[in-house]
Amino acid sequence: MAWIVALIAVVVAVTAVVRSQNAARDANVAWARVELAERQAKAADARTTALTDEIRQLAQKRIPAAALALSHPSAPVPGLREAAEVDGGSARLLTEAVQAARAAVIEERQRVDAAARAAMRGTSAKIQSLLNQSQQLLHELQHEYDDPRILQLDFRNELALRRTQATAVLCDAWPGLARQNSPLVEIVLGAQSRVAGYERIKVANHLRDEWLAVVARAAEPLAIALAELLANATAYSHPDTDVQVTVQQSGGRGAFLVVDDAGIGMDDDALERARALLAGPSEVLLTELGDPPQTGFAVVGRLVVQYGLSCHIEPSPFGGMRTILRVPAHLLTVLEDDRSLSALAPKPVHAHTATTAAAEPEPAAEPEPAAKERNGLPSRRRRAPRPAPVRSAPAATPAAPPPPRTPEQAEASWAALQQGTLSGRSAPAAPPEAQHHDDKDGQDDRNDQGDDET
């Protein structure tokens, strides 16, 4: 029986050992589970904290930066601050939130800008109509009175009309003025007359065809675009410097209007933005033009797209900027020769040379020294042979063509004509002989003023 008791004791001891081992193992497992739960809780707290910080950054930095980048593309937009502690799903949702906010801002800006364009379009049309009526009234007053202040009022009315036209074009309205086929040089003069610093603008005409003109539908848009470029050139250059405008004609590519100024120039960012605006982007928001808005290049870009023009800007050899406005061949035509150009229109440079060469007779043999030195001018002979060499008198040097009149000279001439007309109307009747003599004098005065000049 003893061995039975011993066996039972051994079984009991083994059972106790097994139970203690199981209890220890269960305790270890439970402790491991507790530690795992604690680690998971800490990791969850860390992810929650990181996600909270990312949401705070999303509201305070990322969304405002994304909205700012719509107006300033170079502005940085921050990403996830602690991307390692945010899981993929949360990071994707945060990125989608930024994109959704960006789309909402774009849609709202477009809605507000469209409403602003509609309001400005209607207002510009009314103001432009009133300015046109004022312009017509001022023209009537110029024929009745010789006060130079009327011309000043007319000029300021023209400046206001240009600003209103630019605003209307920027708001997708038509320029508000219909014209006939117009000579290119007269369009340049018309654009010059709409700029405050018109006296600084010097026009050089290099057209091969003096009667080259722009078709009716593009005449006024071209004048508006060129006026904006001239206004920009005069505004950003020193008042003592000139703005050079060169009118050139190309073979099959149309005509070129080159504007050079000696201004302050542009940095790389401003030049890139100017080229983007001149290229005619699909949409330009009014809020992107600054405060106060700088609409010049935006207006030119809109006209470039609508009428098939092209414009390029680059640094000028004069130190400022050079803008090249190209008029394609399909927008050009040639007028009849019997139509007279404006008296202020500059003559083509090659025409001056040809006229001077045609006025001079062909030179014969070398004239004698005495003839060359008389009056300091060269002497020329006819080709016809003579029995004996006879010295010819010095040939008259052909007079150089008169320079184009400035607006001030035209104003003075017009005032003088009006004064003479009023004096003639108020004078008593004269004998027929005196009237005939006065008519001749009046004709000479009109010729001097260029009214009858062809």
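Which residues does Ala-168 touch, not counting residues up to four places away in sequence? In this predicted model, Ala-168 touches Ser-124, Gln-128, Ala-173 and Trp-174. The residue belongs to helix α3, and with a relative accessible area of 3% it is buried. A further relation links Ala-168 to Ala-125: the two are 43 residues apart along the chain, yet their C-alpha atoms are separated by 7.2 Å.

The chain as a whole comprises 454 residues, of which 31% count as buried. Its secondary structure consists of 11 helices and eight strands. Among contacts with a separation of 6 or more, 72% are accounted for by residues 24 or more positions apart.

Helix α3 also contains Glu-158. This residue has a relative accessibility of 14%, and because the limit for burial is under 20%, Glu-158 counts as buried despite its charged side chain class. When neighbours within four places in sequence are left aside, Glu-158 is in contact with Gln-135, Ser-193 and Arg-194.

Beyond α3, the loop between α3 and β1 (182–183) holds Asn-181. At 31% relative accessibility, Asn-181 counts as partly exposed. A polar atom of the Asn-181 side chain lies 2.8 Å from the backbone nitrogen of Ala-216. Asn-181 is also placed 8.9 Å from Leu-332, as judged by their C-alpha atoms, although these positions lie 151 residues apart in the sense of separation along the chain.

A second asparagine, Asn-205, is located in strand β2 (residues 201–206). Asn-205 is buried, its relative accessible area being 1%. The side chain of Asn-205 reaches the backbone nitrogen of Leu-207 at 3.0 Å. Not counting residues up to four places away in sequence, Asn-205 touches Val-185, Val-247, Pro-346, Lys-347, Pro-348 and Val-349.Helix α5 (216–235) has 20 residues, for which a span of 28 Å is expected at 1.5 Å a residue; the end C-alpha atoms are 29 Å apart, in agreement with that value. Of these 20 residues, 16 are buried, so α5 is largely enclosed by the rest of the structure. Ala-233 is found in this helix and counts as buried at 3% relative accessibility. Apart from neighbours within four places in sequence, Ala-233 is in contact with Val-243, Val-259 and Asp-261. For one of these partners, Val-259, the C-alpha atom is separated from that of Ala-233 by 7.8 Å, the two residues being 26 residues apart along the chain.

Helix α7 (296–307) has 12 residues and reaches 17 Å from its first C-alpha to its last, close to the expected 16 Å. Nine of the 12 residues are buried, so α7 is largely enclosed by the rest of the structure. The buried residues are Phe-297, Ala-298, Val-299, Val-300, Gly-301, Arg-302, Leu-303, Val-304 and Tyr-307. These buried residues pack against α2 (88–144), α3, α5, α6 and β6 (310–315). Gly-308, which follows α7, has a positive phi near 75°.

Several of these helices also take part in the second largest pocket. At least two residues of its lining are supplied by each of α1 (2–71), α3 (148–170), α5, α6 (268–278) and α7. The space in this pocket amounts to about 1,700 Å³. Its lining is formed by 50 residues, and Arg-273, Leu-277, Leu-289, Gln-294 and Thr-295 lie nearest its centre. The helix that gives the most to the lining is α6, with seven residues. Sorted by class, the lining has 28 nonpolar, 13 polar and nine charged residues.

Key:
Residues numbered from 1 in each chain as written. Predicted model: local features only at pLDDT ≥ 70, side-chain atom pairs only at ≥ 80, totals over all residues. Heavy atoms only, no water. 1 Å grid on protein atoms, 1.4 Å probe; cavity = no way out; pocket = protein on both sides within 12 Å on 5 of 7 lines; lining within 4 Å. Points joined across faces, edges and corners; volume = space filled by probe spheres on them. Helix = DSSP H or I, 4+ residues; strand = E, 2+ residues; numbered from the N terminus. Expected span 1.5 Å × (residues − 1). Buried < 20%, exposed > 50% of the residue type's maximum accessible area, 1.4 Å probe, protein only. Contact = heavy atoms within 4.5 Å. Polar contact = N/O pair within 3.5 Å; in protein donor to acceptor, adjacent residues only side chain to side chain.
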